[in-house]
Amino acid sequence: MLRKLLEGSIVKQGWFVVLILMLPLIQSFSTQPESEQLQMEALPMNSIELNDLEAFQHVAGNWQVAEKIESNRRIEHDLWASEGNGILVNIPTEENNGHIFTQWEHNDLDLELDFLMPRGSNAGIYLMGRYEVQLLDSWGVENPTFSDVGGIYQRWDESRPEGEKGYEGHPPLRNAARAPGLWQHIKISFKGPEFNDAGEKITNACFKEVWLNGILVQEDVEVTGPTRAAAFDTEQPLGPLMIQGDHGPVAIRNIKYKKYDKTSIALTNLSYEYYEGAFDELPNFDTLTVSKSGTVDSLAGDAVEEAANRYAMRYSGTLEAPNSGTYLFNVRNAGVVRMLIDGKPIFDQDTAYQMDHITSKTIDLEDGVHDFVLEYINHPEGGASGLSLEAEGPRLRLQNLHASSSVSDNGEELPDLIIEPKEHIKIIRSFKEYKNSKRTHVVNVGSPNGINYSYDMGQAALLDIWNGPFLNVNKMWVNRGEPQTATSGVEPLELKGSPPMAILNNKSGVWPDSISRDNLKIEGYKISKNGWPVFNYSIDDVTVKEKIECIAIPRHLVITIQLDASKRLGNMWYQLASGEEITQNDEGEYIIDDRNYYLKINDMGGIKPQIIYAGDEYSLRLPVLAKENKMAIQYEIIW
């Protein structure tokens, strides 16, 4: 890939020197992350309604449902729950410390939920009641082990020698933990063990993927048996989902899941008819002369050797639906598709699509065999050609019904090109896709301590922050880099991205989404003595110097702002944060956007911020320059 870059369009565009200078910073080449791949639709997940505890078996007294929770991040095991519903809460005592089990059992399972760990707390999610993904307050841990959040807990055997009783634990690939008392999100894709007709295990359980706060922390981890403290010592085809209740308090909400059978959807007795010709729309196939025909195991664009670039194809066969219910089909094609099941059109396109377009449809099917017909014309543009078809059904995983050779994307998948600041703070300018729009004046700042952020100089707005790999610049440097967009090395914590200051008629005025160039004058940035950029700009004749520093332990950002105006102002406000909820704890810290992050104030020039409800959200605002024509502000973002 490096040779292609050096021989290709980057050199032609005069970027050779830039690339050579950046080569020491390139950490790795890999396939695109989940967030960058073309996303297919899927059937909705089931939810556990937490109006009561009816979804669970034999509930011990340490479990309850609540409407709200409180947790002080500085106090060990601090968790308080209000009456109500929507949140599952465990507050164990010596008398009540039982685990909780779902009424339903499962084998293969996709699961996602939000969880909140108080400081120093410990819990776990046991798939089938046997295989644990660890939940722990692991904020700030530099070298996580299997016992940290996102780890697959070790197995235990008392008969093994001392020092070897614990085995097979799997640490997370990186520490993606957030601070105690904040909501976190975990997503697990799990395959349970398989057994033959004699009841003998033939494959081990496997965690296909575990994602923590948008970051992949486990991939294809086999578990040879129940992990330590499992509810069941033996392995069976089914078991309930279990959440550990005897170690420490934990809050859980938004539990969603899909259970899967070991069976799959199948296309059988599949034959094809190939028609030569450059078709612009689907023809009447019955009036055409077949050029070639035969049988295939799956939809395959290369069923005909040396097929022309333009052609028509008709597939006929049967679709085997193992279960009754709703089925989802995703088609991605370079051309036009018509697909029928039992003679009923599912896809019936009237225009040519390209491979970056996905069409999704659902249909209710009874279990059994159904007639299947798919008619297709290949009409590629830009080199990408072919056809892909995915299907998902009730208790059936999303799967490909096409051969991998059926799709040609005319080249290699765009690789990651990760820039890492090794010894010094790195600053890279780029475009950035942010909340469905492209920001064109973005400054990405990366630190050797792994804390990074993106800042929009076009709006003087902090966009997002993250802990981990710095910046993926593949869309800037590979294949001419036409999009000119950079992406965070891992999924970031997104902030509001709105301008920091505004003139309002009253304190409850709706905060503007943007500020015009007439009101905002950008002067660029300078590098401070310790390497951090200081952004210089003016808003409505108020001169601003803004410095943002990344601190790793404990993880936080420090934002320092100097304001200078020619006169005092009575209607200028500074917005520190906004979100669906803002509260304040006993230490004076603010808890932002439904426990998404903390905001700690160090210096507000002696003026107290105000929590204001405006425009369907809460805003933390500070009147500025009302007493003096100079002012200093400093606060921290902790997550």
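Begin at the largest cavity, whose lining comprises 9 nonpolar, 2 polar and 3 charged residues. In this classification Ala, Val, Leu, Ile, Met, Phe, Trp, Tyr, Cys and Pro count as nonpolar, Asp, Glu, Lys and Arg as charged, and the others, Gly among them, as polar. The model is predicted: local features need pLDDT of at least 70, side-chain atom pairs count only at pLDDT 80 or more, and totals for chains, interfaces and linings use all residues. Residues are numbered from 1 along each chain as its sequence is written, and side-chain values use heavy atoms, with hydrogens and water left out.

**The largest cavity**

Select Arg178, Ile215, Asn467, Glu491 and Trp639, which lie nearest the centre of the largest cavity among its 14 lining residues. A cavity here is a set of points, on a 1 Å grid over the protein atoms alone, where a 1.4 Å probe fits but cannot get out; lining residues have an atom within 4 Å of a point. The volume of this cavity is about 100 Å³, where a volume is the space filled by probe spheres set on the points, and grid points are joined across faces, edges and corners. Next, highlight strand S35 (residues 461-467), which gives the most to this lining, with 3 residues. Strands (E, at least two residues) are DSSP runs, numbered from the N terminus.

**The second largest cavity**

The count of cavities of 30 Å³ or more comes to 2. For the second largest, with a volume of about 40 Å³, select Ile48, Phe56, Ile100, Phe101, Thr102, Leu241, Ile243 and Ile255. Its lining has 7 nonpolar residues, 1 polar residue and no charged residues. Both S7 and strand S18 (239-243) supply at least two residues of this lining, and S7 gives the most, with 3 residues.

**The sheet containing S7 and S18**

Now display the open sheet of 5 strands, in which the order is S2-S7-S18-S9-S10 and the pairing is antiparallel. Strands S2 (56-57) and S10 (131-136) are at the edges with a single partner strand each, so one side of each has no neighbour in the sheet. Two strands pair if DSSP finds at least two bridges between them. S2 and strand S7 (residues 100-106) run antiparallel and are joined by 2 bridges. To inspect this contact, select glutamine 57, which stands opposite phenylalanine 101 in S7.

**Backbone geometry**

Move to asparagine 254 in strand S19 (residues 250-260). Its phi is near 50°, a positive value in a residue other than glycine. Asparagine 254 counts as partly exposed because its relative accessibility is 42%; buried means under 20% relative accessible area, exposed over 50%, and partly exposed in between (1.4 Å probe, protein chains only).

Aspartate 540 comes next, in the loop between strand S41 (533-539) and S42. Aspartate 540 also has a positive phi, about 50°, although it is not a glycine. With a relative accessible area of 27%, aspartate 540 is partly exposed.

Continue to proline 554, in the loop between strand S42 (542-551) and strand S43 (556-564). The peptide bond that leads from isoleucine 553 to proline 554 is cis, with omega near -15°.

**A final distance**

Finish at asparagine 284, in the loop between strand S20 (266-276) and strand S21 (292-295). Asparagine 284 is partly exposed, at 47% relative accessibility. Draw a line from its C-alpha atom to that of leucine 563: the two atoms are separated by 72 Å, and the residues are 279 apart along the chain.

Terms used
Helix = DSSP H or I, 4+ residues; strand = E, 2+ residues; numbered from the N terminus. 1 Å grid on protein atoms, 1.4 Å probe; cavity = no way out; pocket = protein on both sides within 12 Å on 5 of 7 lines; lining within 4 Å.
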